Structures are given as C-alpha cells and as structure tokens.
2 protein chains.
Amino acid sequence: MTDEARLPDPRLDADDRDVVLSSRVRLARNLSGQPFLNRASETQCANIVRTTQHVLLNASISEKIIWIDLDEINAHDRSLLVERHLISRNLAESTLHRGVAISGDEQLSVMVNEEDHLRIQVLRPGSNIDSAFQQVRSTDIQLEQQLDFAFSDRWGYLAVCPTNVGTGIRFSIMVHLPGLRITNELGKVRRAAKELHLAVRGYYGEGSESSGNIFQISNQVTLGSTEEDLRDIFTERIVPALLDYERSARQVLLKRNPTLLDDRVHRALNILRSARLLKVEEAMKLLSRVRLGVCLERLHVPLPQLDDLFIQIQPAHLRQHVNCALNAEEELEIRASLVREVLKDAD
Amino acid sequence: MTDEARLPDPRLDADDRDVVLSSRVRLARNLSGQPFLNRASETQCANIVRTTQHVLLNASISEKIIWIDLDEINAHDRSLLVERHLISRNLAESTLHRGVAISGDEQLSVMVNEEDHLRIQVLRPGSNIDSAFQQVRSTDIQLEQQLDFAFSDRWGYLAVCPTNVGTGIRFSIMVHLPGLRITNELGKVRRAAKELHLAVRGYYGEGSESSGNIFQISNQVTLGSTEEDLRDIFTERIVPALLDYERSARQVLLKRNPTLLDDRVHRALNILRSARLLKVEEAMKLLSRVRLGVCLERLHVPLPQLDDLFIQIQPAHLRQHVNCALNAEEELEIRASLVREVLKDAD
C-alpha cells in the first residue's frame, strides 16, 4: 500500500473538496448460522476468516483485490492500514483471527471479524456518497450471491450493535472545519448533530480525538429506514447544511479581518517550512491552517498534496518513508524534514 | 534623529558583538550653588537649562552638537529619543524644564535636569567601555572648564542619589543573553550580579522589563573608588565573566541538541518573515532567537541590520517610519510589514 505508484490521487477534481476530504459508506454484515463475534470461539473465528477470504478473492468484487491476513503482519504494517483509513484501529488491535480485502485503488476494503463478521466499506475522495453507495451496494449483492447473511424479516440485517441492525449501513464524511473552529461554532454543530442522531468523531474514527480540525460525521441509526432514505437525508440535507455552515464561517473570517487570517495561515505555512522538529499534533494543526489558507486562496499548495501530507506525517507512514525504526526524537526530525520537502515550493 | 543618513552603523566591527550590543558610560554632575532638582523652583530649573545649554553648545565637546528642548517637542518625538537610548524614560516623562544635547553621531548625549543637573553619557556599539570612558572624561573636563560642579573634598562629586555620590560614574553594557535564558541560568547570573553590587535592568534601563533577553548591566556604587578602579573591575572582571557564561551556555545548546537549536531559530526567522501582525514583545522575542542563530552561524542576517530592527520595531519609530499616527491594529501590521521587508533576504 505504500508504493506511491499505487496511489493515484484523483482528489483534485472531487466535489466540495474545500470542506469534504472524503466520503465513506459501509455495511455491517454477519454470516447466517455463525455466532456473533462476541460469542464465537477461536475456531469459529478462523472459519469465518477462511470462508470469507475465499469468497472475497473470487467474487470479482474489484480489480486487483488483495487479501491481508492481519494476524500475520506486524503491528507497524497494521498501523499503516489504519493511517490510510483502510482498517479501523479496533481491527488492528483485535486479538481475534481477522483480515481485510483491499482493492487496488484502495477505495474498497472489506474487514473480516471487526465488530461484525464483515464490514464492507468504500472510501472516496471529496463529497461522493452516491458513487460510494453504489459500489458498496454492488459489492454487497455480489457477496450475497455466495454468502448467506444473517437477516430477519422483522429487523432486517442483524448486527452485533443495535445501532447497526436494519440496513447495517453507515454514511460518513470526513470534513475539515477550521472556519467553525475559529469562529467558535463547533459546539453548535455538535448540538445539531446530536439532534439529528449523527455521530461526530475524530480523524481516526470511533474513539479518536479530532486532530487538525478534521471530523468524521456519520449517521447512527439504521433501523426503520431504507438505505436510500438514509442516503438521501445524508446527502441532501446534512452534507449541504454542514458545507454551508463551514463556508459561511470561512467567509466571516475573510471579511472580518483578512490580515488576521493571512497572519494565521502564512505563519502556519512558514513554521511548517522551517521547523526541524514536528510533533504530529502540531503538524496537523498547522496543516489545518494552511488548508484553510489554500481553500480561501490566500496560499498556494495543491490540495491533494496537502491532504496526502495529513496521512504521510502519521507515525507508521514516517517509519515506512525511511524504512527503519525511529525513536521519538528521530520521528520528529523525519516528520519536519518530510514536510519541509513537500512544502518547499508553496507560497 | 530619524534620518537614516545620520545614522552610520559601525557596529559590525565592534568587539564582542555576539553578546554585547552596546557599552555606556555616564557621569552625574550637579552645578555648585544651585539646589538639587528635588528642591529647585521652576525658575531655578529654567536657569539650569539656560546656563548648561549655552555651555553645551559652545564648549566644542563634539562636532555637530544639537540641542533639543524637551519641553518644546511632543511626546512622540521624546519617545523616539528614548527608543534610541539618547534620553531616559524618566527625562521624557518629567514635568521639569529640561533638555538634551546630542552629538551628530548620536554617541554622546548630555541630559539636563534628569535626576541630576547633568547626565553626561557616551554610548558605543559593542564592548567599548574604554573608549566611551575616555570620551565621557574629556567631555567632563571640557565642561568643568566652564561650569562649577558641586564637589566635596570628603565625598567627591555630589549627586541626588547616594549611589551616585563620589565619582558619579556608571558603566553599563547592554547584553544579549539568550543562551543563559534557555539553559535557565539567568537566576545564577542575577545572584552573582547582586553580590557584585551590579544592577540588572531591561532594554530601556531603570524600571523597564527585560525584552528579547536583552539586559543592561551596570555598577551601582561609585563611592570610595576611583573611576579607573571601577572601570577596571567592570571591564577586566565583570564583562569577561559574563561573556564567558553566555558563550558557554550557547555552546551547550549547540552541542546538546543542534536540531532543537535549529528548530528554534529557523522557526523564529520564518515567523518574522511571514507574520502579518506582530506585537512588539513577540517581535523582540523572535528577534532574540534569530540573533542567537546568527551568532552561532545557523542563520545569516547582518548583525547591525538585526540590532537596528530591535529599535526600528519600537512604537515611536514605527510611527516615524510611516509618518502618521497609528491605531493599535495598524501598528501591528506596519511592524510585521517592516520586519518582513528587512528580513526578506535572510536565510
């Protein structure tokens, strides 16, 4: 996954990229006739992996699909997958037999034995819930031809957590909200999200803190509605409202005091371009300000390059970059050096 | 005073400029037969100004000497003189009749009706107590040919404050101590200074706070020793010891963690080169770090240019720079813009 050649970055043209970094749709599915993971034995877990691995590799759900046995790779490689949002932290740290199937373009991944037997997810750059939804759905249909999913006529698809019962679908977008943060309106957004039964999480999903003003916003309840209804509410009401809030906040910053805005974003860029030691949290915070400056056309850095930096500065990616173990001090140095190199032509 | 052409900057070649920004020697003198200022009437104060002004302008103590009547210029122009260290804040803010004679090179100034009737001071860039002492002394001799100074055979020259009685001389150096600050050794220096009866003051002398890690260090007691003894103690013991402390501290920083040092100094330079709003305190702090980097050859900025910036960023100089009144926000902008311009070719 770390070979640059395998990471085409089509994100520049994606929709609403000023606010939406990526869109994700995932389905929770469990195999009929197998116990849920909280009650499954080691043998049963291994069986689930074996069964699903075979199907995933042979169902033609995507070109160049690869299977990664997460028991067999080391913690560092698992962290790389987490940092790329291809598996969850929970799956990386789990002690169950587990694995993941990943498409060549890294947009489709199917986690096996995360919370449910299967978690089918499609990740798209920018605001692209619709196309992610289509791919998730076609993957689901293909898999269901070969796997028998646990389903109740009354409740719909069954899942370990009640919030996933029904359609088992979750829509989420990763959004960059520096405008709302600076204008102190995040609390308002959080309250609105709560009323709309939306979860607001950090850059690395469940249980992670927000970092760089990046938030993952997702629907929480899947019972009692069709997948299409849920999608429509998400894409037609929630996403536009959020975009509107954030963009308005940015315009407020721009109009209220453009010099203060320029001060903020130019300082951030130039600290990144000159630091010799950078902690990941500080780097995320500064990159967030630079991204705001780029979106408001005060700074000039290609957005895909910048968004890729948010991932490249993470610990496992840094280690991969230099291909050796790093102590704490070395990690700060390598991070600073990488950021300086990438941003050297920015202005 | 604000005409650039009148400010030749010979400081690059001056001694020990890595630590010593400037050296100052001053004498306190009072006219015999006139009351000390704390007991003088308005008429008597005016008489002292008239008498001394005449002598100062005619005694040939320096080429191109000018007289500034401090009652007649406005507060802004008085602040300019304070920022250039040509008069004290006390004199600027005093309500007595008062004035100052300043030489064309701005190295000699004679304040009239500060705490004493006369304060003769010579300011030299770098560590140059000896040559400043010579000029102060020759000025004193020339003035004494035309003025009768209050003198007691028992106590020596009389002065308002007992610490100035005797020789009335004070030696001081303006030193930049970022190394001792970062290694947390300033407390040690302060304790040593106290034992040696030295005063440690800020960038603008008595009552001012340290700013940019710049301190003014001066002898406090002038009674009971000759001027030469006091000078020898100052230049042969105190200044070398201080230089040694500071330089050792800088070498510790360099050896202990050169990357951390580079991180600090490069960040500072690049914040200065990119900020759009700069408070004077922040600017002083960042300039201090840049100066440390220059002295340790991690950054490249001409030292005289940098030292001049410490003065140019002060409020009255900024106002003079744009030649109009500035509100608080405008001051921050103009300061940032000036600093960016001056440092644009630094690296």
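## A buried glutamate in a loop

E114(A) sits in the loop between β4 (108-112) and β5 (118-125) of chain A. The model it belongs to is predicted. Is E114(A) buried or exposed? E114(A) has a relative accessible area of 13%. The cut-off for buried is under 20%, so E114(A) counts as buried.

What does its side chain touch? The side chain of E114(A) makes a polar contact with the side chain of S88(A), at 2.5 Å. S88(A) also belongs to a longer list of contacts, which leaves aside neighbours within four places in sequence. Besides S88(A), that list for E114(A) holds L37(A), N90(A), L91(A) and R119(A).

## An exposed glutamine in another loop

Now take Q145(A). Its place is the loop between α4 (129-144) and β6 (151-152) of chain A. Its relative accessible area is 63%. Exposed means over 50%, so Q145(A) is exposed.

Sequence distance and spatial distance can be set side by side here. Q145(A) and A59(A) are 86 residues apart along the chain. The C-alpha atoms of Q145(A) and A59(A) are separated by 8.9 Å.

## Two domains in chain A

How is chain A divided? The domain assignment gives domain 1 (11-247) and domain 2 (258-343). The C-alpha centres of domain 1 and domain 2 of chain A lie 27 Å apart. Their contact takes 21 residues from domain 1 and 21 residues from domain 2. Between them, domain 1 and domain 2 of chain A bury about 1900 Å². Of that area, 58% is on carbon and sulfur atoms.

Charged and polar pairs also cross this boundary. The rule finds one salt bridge between domain 1 and domain 2 of chain A. R17(A) forms a salt bridge with D307(A), with the closest N and O atoms 2.5 Å apart. The count of residue pairs in polar contact between the two domains is 11, with both residues at pLDDT 80 or more. On the side of domain 1 that touches domain 2, the elements giving two or more residues are α2 (75-83) and α5 (178-182) of chain A. The most comes from α2(A), with five residues. By class, that side of domain 1 has nine nonpolar, six polar and six charged residues.

## Where chain B meets chain A

The next boundary runs between chains. How many residues of chain B are in contact with chain A? The contact involves 17 residues of chain B and 17 residues of chain A. Chain B and chain A bury about 1500 Å² between them. Carbon and sulfur atoms carry 54% of it. In chain B, T259(B), R267(B) and R276(B) lose the most area to chain A. Together they make up 36% of what that side buries.

Two salt bridges are counted between chain B and chain A. The side chains of R267(A) and E282(B) meet in a salt bridge, at 2.7 Å from N to O. The rule also finds 14 residue pairs in polar contact across this interface, both residues at pLDDT 80 or more. Which elements of chain B give two or more residues to the side that touches chain A? They are α8 (258-272) and α12 (328-342) of chain B. The largest share comes from α8(B), with eight residues. The residues on this side of chain B divide into five nonpolar, five polar and seven charged.

Technical notes
Residues numbered from 1 in each chain as written. Chains lettered and ligands numbered in written order. Predicted model: local features only at pLDDT ≥ 70, side-chain atom pairs only at ≥ 80, totals over all residues. Heavy atoms only, no water. Contact = heavy atoms within 4.5 Å. Buried area = accessible area lost by both parts, 1.4 Å probe. Salt bridge = Lys/Arg side-chain N within 4 Å of Asp/Glu carboxyl O. Polar contact = N/O pair within 3.5 Å; in protein donor to acceptor, adjacent residues only side chain to side chain. Helix = DSSP H or I, 4+ residues; strand = E, 2+ residues; numbered from the N terminus. Nonpolar A, V, L, I, M, F, W, Y, C, P; charged D, E, K, R; others polar. Buried < 20%, exposed > 50% of the residue type's maximum accessible area, 1.4 Å probe, protein only. Domains from an automatic or database assignment.
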